[in-house]
Amino acid sequence: MNFGWGRLIAQSLRDRARLGKVLIVAADTNVNWEELNEIFAPTDKIRVLTTLSLALTEATASQDDVIFIAPYHTENITAAAGIAMSKAGVSVVGLGQGTSRPTFTWTTAAAASWDVSAADCTLENLKFDLTGFDAITAGFNITAANCHFKKCEFVTAAATNQAVLGILTTNAADGLLIEDCYSKGTQTGGTTTAIRIVGGSDHVIQRNTIIGNFTTTIGAIENVTTACDRTVVRDNVIFNQTAASTKAMVFVSTATAIVAGNLMNIKSGAKPITGANVNVIGSNFVSVTRGSSVLVGNVQYIQSANF
């Protein structure tokens, strides 16, 4: 376990010890396939499988199972619920860094999606490319509590194809946690917002960078239909690159949230947040670009001046 695959997995287990099964995902064409099967001989606690869906089938709910995915592993998501996390407490962790991280690409149909319908699931160190097909309705459908995205990369827009939504929740999806992630889109319209929150409570969105050509009056984070409660949005960098964009994030008027320490760029105006009941505190800053691709000027964003 001191070298190669063993070292990568040992490092991850050191970060957080696991109590359940350890499942490894690698294609049978992987150059290390034989080595993997030698190191991780099949038992009731450990197994090597060729796809994430197969690994999710082997996982047991509420047992703290973890699925490690090999560096450079790739899969396509081709249909609604193409990946379905329906067992509580399962973690999916990518091995590698930068371009070697596992990559999932949405293709074939606008309805293609990764659905999380069980509580307490984690996705970490993975790349999600939502531009393999145009107008993906929602890359992720989150319908259960305590879904956690950590150190992931989202590609929401390219010159040809753009996803409509990156992440979509329901009122049952309390405790959404998105942290240390990077979401990017080219300067091409088509993506409404990166994160759409429909109700729920106790959400935390922190230390992310979110860049895209979002709807001018919506921005990167949207709470819609049902007010979210006890939500924290802090220490994010948000660019809405759409011409004449006026918003970085919007909330239902009765939503309760704390927004603090964010750096925001819009193209017009100086009121990047909508939400009559949102507490905007700390050092939020807005930069307004006019007639240039360069960020110019920083205006400290104070709640009383912006609703």
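Analyst: A residue counts as buried when its relative accessible area is under 20%, as exposed when it is over 50%, and as partly exposed in between. The structure discussed here is a predicted model.

User: Does Ala 135 count as buried, partly exposed or exposed, and which class is the right one?
Analyst: Ala 135 sits in the loop between β10 (127-129) and β11 (140-142). Its relative accessibility is 32%, a value between the limits of 20% and 50%, and therefore Ala 135 counts as partly exposed.

User: What is unusual about the phi angle of Asp 202, and what is its approximate value?
Analyst: Most residues other than glycine have a negative phi. Asp 202, which lies in the loop between β17 and β18 (204-206), is not a glycine and yet has a positive phi. At 36% relative accessibility Asp 202 counts as partly exposed, and its phi is about 65°.

User: How many helices and how many strands does the chain have?
Analyst: The chain has 307 residues, and buried residues make up 51% of them. Among contacts with a separation of 6 or more, 76% are between residues 24 or more positions apart. The secondary structure of this chain comes to three helices and 29 strands.

User: Which strands stand at the edges of the open sheet of eight strands?
Analyst: The eight strands of this open sheet follow the order β5-β8-β11-β14-β17-β20-β23-β26, and their pairing is parallel. A strand at an edge has a single partner strand, so one of its sides is left without a neighbour in the sheet. The strands in this position are β5 (83-85) and β26 (273-274).

User: Which residue of β20 is the bridge partner of Ile 197?
Analyst: Strand β17 (residues 193-197) and strand β20 (residues 221-223) run parallel and are joined by three bridges. In β20, the residue that forms the bridge with Ile 197 is Asn 223.

User: Which residues of strand β16 are buried?
Analyst: In a regular strand the side chains alternate between the two faces of the sheet. Strand β16 (residues 182-185) shows such an alternation, with Tyr 182 and Lys 184 pointing to one face and not being buried. The residues that point to the other face are buried, and they are Ser 183 and Gly 185.

User: Which residue of β19 stands opposite Ser 183?
Analyst: Strand β16 is joined by four bridges to strand β13 (residues 153-157), with which it runs parallel, and in that pairing Ala 157 stands opposite Gly 185. Strand β16 also pairs in the parallel sense with strand β19 (residues 209-212), over two bridges. In β19, the residue opposite Ser 183 is Ile 210.

User: In strand β3, which residues point the same way as each other, and which one shares its direction with Ile 67?
Analyst: Strand β3 (residues 66-69) has side chains that point in two directions, and all four residues are buried. Val 66 and Phe 68 point one way. The other way is taken by Ile 67 together with Ile 69.

User: Which residue of β6 stands opposite Ile 67?
Analyst: Strand β3 is joined by four bridges to strand β1 (residues 22-25), which runs parallel to it, and there Leu 23 has Ile 67 as its bridge partner. Four bridges also join β3 to strand β6 (residues 91-94), again in parallel. In β6, the residue that stands opposite Ile 67 is Val 92.

User: How many residues does the largest nonpolar core have?
Analyst: Ile 67 touches residues including Leu 23, Leu 52, Val 90 and Val 92, and Ile 67 is among the residues with the most contacts inside the largest core, as are Trp 106 and Phe 251. Apart from that core lies another, of 12 residues, among them Phe 68 and Leu 36. The number of residues in the largest nonpolar core is 63.

User: How many disulfides does the structure contain?
Analyst: Cys 181 is buried, with a relative accessible area of 6%, and its sulfur is 4.9 Å from the closest cysteine sulfur, in Cys 152, which is too far for a bond. Across the whole structure, the number of disulfides found is zero.

User: How far from Cys 147 is the nearest cysteine sulfur?
Analyst: Cys 147 counts as buried, because its relative accessibility is 1%. Cys 147 is in no disulfide, and the nearest cysteine sulfur, which belongs to Cys 121, lies at a distance of 6.8 Å.

Notes: Residues are numbered from 1 along each chain as its sequence is written. This is a predicted model: local features need pLDDT of at least 70, side-chain atom pairs count only at pLDDT 80 or more; totals for chains, interfaces and linings use all residues. Side-chain values use heavy atoms; hydrogens and water are left out. Buried means under 20% relative accessible area, exposed over 50%, partly exposed in between (1.4 Å probe, protein chains only). Two strands pair if DSSP finds at least two bridges between them. Contact means heavy atoms within 4.5 Å. A disulfide is a pair of cysteine sulfur atoms within 2.5 Å. A nonpolar core is a set of buried Ala, Val, Leu, Ile, Met, Phe, Trp, Tyr and Cys residues joined through side-chain atoms within 4.5 Å. Lists of a residue's contacts leave out its neighbours within four places in sequence.
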